[in-house]
Structure formats: C-alpha cells, structure tokens
Amino acid sequence: MENQTIFRTAHEREPYSQLGNSMLQNASLSDEARGMLGFILSLPKDWSFSERWYRQKTGMGARRIQKNLKQLMAFGYCKRTCDRNPDGTFAAYRYSFTDEPNRFEPTCSQHTAAREPAIGQSNLEPERPTTK
C-alpha cells in the first residue's frame with residue numbers, strides 16, 4: 001500500500017469510476033476543483049500526480065492548478081507530503097487524493113498550495129526552517 005496514492009471508497013473494478021456523492025455535491029468546492037478531483041480519482045491507484053503532468057494533460061495554467069490543489073487540501077480531499085533527499089534538501093512533493101473528505105491526518109503542508117521545485121518559486125510555498 002506504500003505506493004498507493006489514490007484512495008477510493010466506492011470503487012475497485014475497471015473500466016468505470018465511482019465517486020462518493022459528498023465530493024460531487026460539496027458546494028464549498030469550486031466546479032473546477034471538483035472536476036480536477038474527479039479526473040484525478042479516475043486514474044490508477046498507483047498514479048504519481050504532478051502539476052507539470054496535469055498542466056500538459058489539461059492545458060490548465062500553473063496558478064489555477066495551485067489554487068485548485070489548495071482548495072482540495074483545505075477541504076480534506078488532497079494531502080501533500082514532501083520527501084527529503086539524502087543530503088537533507090527538499091525533494092519532489094507527493095500527493096494523495098480521496099473522494100472522502102478528511103480521510104488523511106492533518107499536516108502543516110495541507111494548507112499551502114502545491115509546487116514542483118523544477119517550476120520555480122511560488123508565492124504559496126511553505127516556509128522553510130532557517131539555520132544559524
């Protein structure tokens with residue numbers, strides 16, 4: 001289960017997707033964020049999501065993707081974690097998505113928008129600890 005990034009509560013068979021009504025009917029989510037989440041949840045369980053891939057697949061701009069990810073994280077549909085390289089520097093972000101809100105344990109990164117290091121700096125980037 002370590003490689004699993006998509007957690008569905010109502011679907012285990014192909015070739016269709018079955019999503020929980022709470023996600024589809026959540027009026028707090030924008031239509032764009034709901035559509036993004038529905039599309040992502042239709043992917044295989046071990047799919048590795050990245051902003052760059054989503055941008056290439058959909059043509060959506062980086063800021064809109066970040067805005068939607070931030071919304072999905074705020075309402076508990078997305079979790080973002082950041083690994084560290086052996087030298088202690090930040091590695092790429094990893095995402096997990098669900099159609100069941102608040103399935104994930106809260107993390108400090110859940111309230112910031114997503115960013116890939118290769119894309120450049122974001123004004124929504126998480127704070128990094130300073131060293132003296």
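**Architecture of the predicted chain**

Of the 132 residues in the chain, 39% are buried. The structure described here is a predicted model. The chain contains four helices and three strands, and these elements follow one another along the sequence in the pattern β-α-α-α-α-β-β. About 8100 Å² of the chain is exposed, and carbon and sulfur atoms supply 49% of that area. Among the contacts with a separation of 6 or more, 61% involve residues that lie 24 or more positions apart.

The three strands form an open sheet in the order β1-β3-β2, and the pairing within this sheet is mixed. Strands β1 and β2 (78-84) stand at the edges; each has a single partner strand, so one side of each is left without a neighbour in the sheet. In general, strands of a sheet pair through backbone hydrogen bonds, either parallel or antiparallel. Both senses occur in this model: β1 and β3 pair in the parallel sense over two bridges, whereas β2 and β3 (residues 90-98) run antiparallel and are joined by six bridges. In the parallel pair, F7 has T98 in β3 as its bridge partner. In the antiparallel pair, the bridge partner of C82 is Y93 in β3, and R84 stands opposite F90 in β3.

Strands β2 and β3 also form a hairpin, with five residues between them. Within the turn, G88 has a positive phi of about 95°. A positive phi is found again at N102, where the value is about 60° although N102 is not a glycine. Most residues other than glycine have a negative phi. N102 lies in the segment after β3 and is exposed, with a relative accessible area of 58%.

A contrasting environment is found in strand β2, where R80 is located. R80 has a relative accessible area of 0% and is therefore buried, the cut-off being under 20%. R80 and R94 are 14 residues apart along the chain, and their C-alpha atoms are separated by 5.6 Å.

Helix α2 (residues 31-41) packs on the sheet, where it touches β1 and β3. The direction of α2 makes about 95° with that of β3. Seven positions of this helix deserve mention: A33, R34, M36, L37, G38, I40 and L41 are buried. The buried residues of α2 pack against two of the strands, β1 and β3, and against the helices α1 (21-24), α3 and α4.

The loop between α2 and α3 contains P44. With a relative accessible area of 40%, P44 is partly exposed, because this class lies between the limit for buried residues, under 20%, and that for exposed residues, over 50%. P44 and Q4 are 40 residues apart along the chain, and the separation of their C-alpha atoms is 9.1 Å. The segment before β1 (6-7) holds T5. T5 counts as buried because its relative accessibility of 14% falls under the 20% limit. Leaving aside residues up to four places away in sequence, T5 touches K45, D46 and W47 as well as Y95, S96 and F97. The last three of these contacts, Y95, S96 and F97, fall within the range of β3, residues 90-98.

The packing of two further helices was also examined. Helix α3 (residues 51-58) and helix α4 (residues 62-74) pack at an angle of about 120°, and their axes are 10 Å apart. The crossing in which α3 passes α4 is right-handed. On the side of α3, the contact is made by E51, Y54 and R55, which meet A62, I65, Q66 and L69 in α4. By class, the residues of this contact comprise four nonpolar, one polar and two charged.

Taken together, the model shows a mixed sheet in the order β1-β3-β2, with helix α2 packed on the sheet in contact with β1 and β3. The buried residues of α2 also pack against α1, α3 and α4.

Definitions and conventions
Residues numbered from 1 in each chain as written. Predicted model: local features only at pLDDT ≥ 70, side-chain atom pairs only at ≥ 80, totals over all residues. Heavy atoms only, no water. Buried < 20%, exposed > 50% of the residue type's maximum accessible area, 1.4 Å probe, protein only. Contact = heavy atoms within 4.5 Å. Areas by Shrake-Rupley, 256 points an atom, 1.4 Å probe, with all protein chains shown as cover. Axes fitted to C-alpha atoms, helices over the stretch in contact; angles between N-to-C directions. Left-handed = near helix turned anticlockwise from the far one by under 90°. Nonpolar A, V, L, I, M, F, W, Y, C, P; charged D, E, K, R; others polar. Pairing = 2+ DSSP bridges.
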